[in-house]
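Dear colleague,

Please find the structure below, for your records and for your own inspection. A summary of what was found in it follows.

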Amino acid sequence: MKNLIKPLLIALVVVISGCSKVPVTGRKQMNLLPESTLVGMSLDQYKSFLTEHPAVASSDPNAAMVKNVGAKIASAVTTYLKQNGSSDRVANYKWEFNLVNDPVANAWAMPGGKVVVYSGILPITQDETGLAVVMGHEVAHAIARHGNERMSQMLVTQMGGIALDVALSEKSAQTQQIFQTAYGVGSTVALLLPYSRLHESEADKLGLIFMAMAGYNPQKAVDFWQRMAARSDGPNVPELLSTHPSNETRINDIKAYLPKAMSYYKP
């Protein structure tokens, strides 16, 4: 009986955490991990990543563009959440937006507001609006706490319910690896645990709203994903496509949501 206590407690947490809802869709989600814990881990992982992949200097035009678009997206996120009574989702966020020189077509956002764009995605984004599509989408994953969901699932399935409290308190190497996988830090995440179709759909919708409120035409998201889809036919599939599937269904879903997104757009 004693050995069942922790698993039962975790099951109780799962039930309680189901009361948490994703903005826009209202979907209930399972988040076992305190966001404050993830923000702390995020900062450690972010610093470690930038040590190995130094950020491009702010004086670089592309790096400046990343910071400019990021600031607008962050402002839009804050405004949207405030309007919808969810400001607590960014209560501990200290936004940073960096460009790194890497040929991989990728980008990611961590809880706490740490966002990185890889230079390899810029030929596909083409301009500031295209970049807003990508950054809005990645930030949406963080705001929707998709990484928390994935990490919660992985901690339970890979380390077991009894080890969950140990994993969080000691932050073992395995826990760190699970964090990197859950948030897409590194080039092998797609092989380990791609985002679910449900997560992608939510990030698409939230991202469209964020970019629209930031002053970017959400209709341009269709053009971007069509360019990404075209790249998927070649020998060098963009890393972003590995975890962010681009297909006809996705593009059609975006088109269907555009009327709602456009209601937030004020050029």
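The accessible surface of the protein chain comes to about 12000 Å², and carbon and sulfur atoms account for 56% of that area. Please bear in mind that this is a predicted model.

As to the overall architecture, the protein chain contains 13 helices and three strands. Of its 267 residues, 51% are buried. When contacts between residues at least 6 apart in sequence are considered, 71% of them join residues at least 24 apart.

Two backbone conformations deserve mention. Most residues other than glycine have a negative phi. Gln126, which is not a glycine, nevertheless has a positive phi of about 75°. Arg145 likewise is a residue other than glycine with a positive phi, in this case near 60°.

Where do these residues lie? Gln126 is placed in the loop between α4 (122-125) and α5 (128-143). Arg145 belongs to the loop between α5 and α6 (146-159).

Is Gln126 buried or exposed? With a relative accessible area of 55%, Gln126 counts as exposed, because the term applies to values over 50%. For Arg145 the relative accessible area is 15%. Arg145 is therefore classed as buried, since that class covers values under 20%.

To summarise the pair, Gln126 combines a positive phi with an exposed position in its loop, whereas Arg145 combines a positive phi with a buried position in its loop.

Yours sincerely

Methods: Residues numbered from 1 in each chain as written. Predicted model: local features only at pLDDT ≥ 70, side-chain atom pairs only at ≥ 80, totals over all residues. Heavy atoms only, no water. Helix = DSSP H or I, 4+ residues; strand = E, 2+ residues; numbered from the N terminus. Buried < 20%, exposed > 50% of the residue type's maximum accessible area, 1.4 Å probe, protein only. Contact = heavy atoms within 4.5 Å. Areas by Shrake-Rupley, 256 points an atom, 1.4 Å probe, with all protein chains shown as cover.
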